[in-house]
Amino acid sequence: MRQLLVFAERDDAEEVAETLAELFPALGMPRVVRETLAGEDDADDAQWLVVAEGLDEEILPEVDELVERYAGWREPG
């Protein structure tokens, strides 16, 4: 299952990606990408996404807890 973990700061997204790779090595290293909204004038408002593939339902509560520590949120992707 693909999940998008959304953060305001690049450092937070990179830290969460590294932590996920350590906690769940079978998933590999999640991708960190920048998402700019259509028509967005200020690039500073872009969000950072961690694209996590292969997350099982059982580990989502642990992922949610990690994401919340970095003031982010999770969206199915």
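## Exercises on a predicted α/β chain

In this predicted model, residues 24 or more positions apart account for 62% of the contacts in the chain with a separation of 6 or more. Of the 77 residues, 34% count as buried.

**Exercise 1. List the secondary structure of the chain and give its pattern along the sequence.**

Step 1. Count the elements. The chain has two helices and four strands.

Step 2. Read along the sequence. The pattern is β-α-β-β-α-β.

**Exercise 2. Work out the strand order of the sheet, and explain why one side of S2 and of S4 has no neighbour in the sheet.**

Step 1. Write the order. The four strands run S2-S3-S1-S4 in an open sheet, and the pairing is antiparallel.

Step 2. Find the edges. Strand S2 (31–35) and strand S4 (73–76) stand there. Each has a single partner strand, so one side of each is left without a neighbour in the sheet.

Step 3. Add the twist. On average, neighbouring strands of this sheet are turned by 30° against each other, direction ignored.

**Exercise 3. Describe the pairing of S2 with S3 and name the residue opposite arginine 34.**

Step 1. Recall the principle. Strands of a sheet pair through backbone hydrogen bonds, in a parallel or antiparallel way.

Step 2. Apply the sense and count bridges. S2 pairs with strand S3 (residues 47–52) in the antiparallel sense, over five bridges.

Step 3. Locate the residue. Arginine 34 faces tryptophan 48 in S3.

**Exercise 4. Place each helix against the strands.**

Step 1. Take helix H1 (residues 10–23). H1 packs on the sheet and touches strand S1 (3–7), S2 and S3. The direction of H1 makes about 10° with that of S3.

Step 2. Take helix H2 (residues 60–69). H2 lies across S1 and S4. H2 runs at about 135° to S4.

**Exercise 5. Classify the crossing of H1 and H2, then break down the contact by residue class.**

Step 1. Get the geometry. The axes of H1 and H2 come within 11 Å and cross at roughly 150°.

Step 2. Apply the cut-off. Angles over 145 degrees count as roughly antiparallel. H1 is therefore roughly antiparallel to H2.

Step 3. Assign the hand. The crossing of H1 and H2 is right-handed.

Step 4. List the residues. H1 contributes Val16, Thr19, Leu20 and Leu23. H2 contributes Glu62, Val63 and Leu66.

Step 5. Sort the residues of the H1–H2 contact. Five are nonpolar, one is polar and one is charged.

Methods: Residues numbered from 1 in each chain as written. Predicted model: local features only at pLDDT ≥ 70, side-chain atom pairs only at ≥ 80, totals over all residues. Heavy atoms only, no water. Pairing = 2+ DSSP bridges. Axes fitted to C-alpha atoms, helices over the stretch in contact; angles between N-to-C directions. Contact = heavy atoms within 4.5 Å. Parallel < 35°, antiparallel > 145°, perpendicular 65-115°, else oblique. Left-handed = near helix turned anticlockwise from the far one by under 90°. Nonpolar A, V, L, I, M, F, W, Y, C, P; charged D, E, K, R; others polar. Buried < 20%, exposed > 50% of the residue type's maximum accessible area, 1.4 Å probe, protein only.
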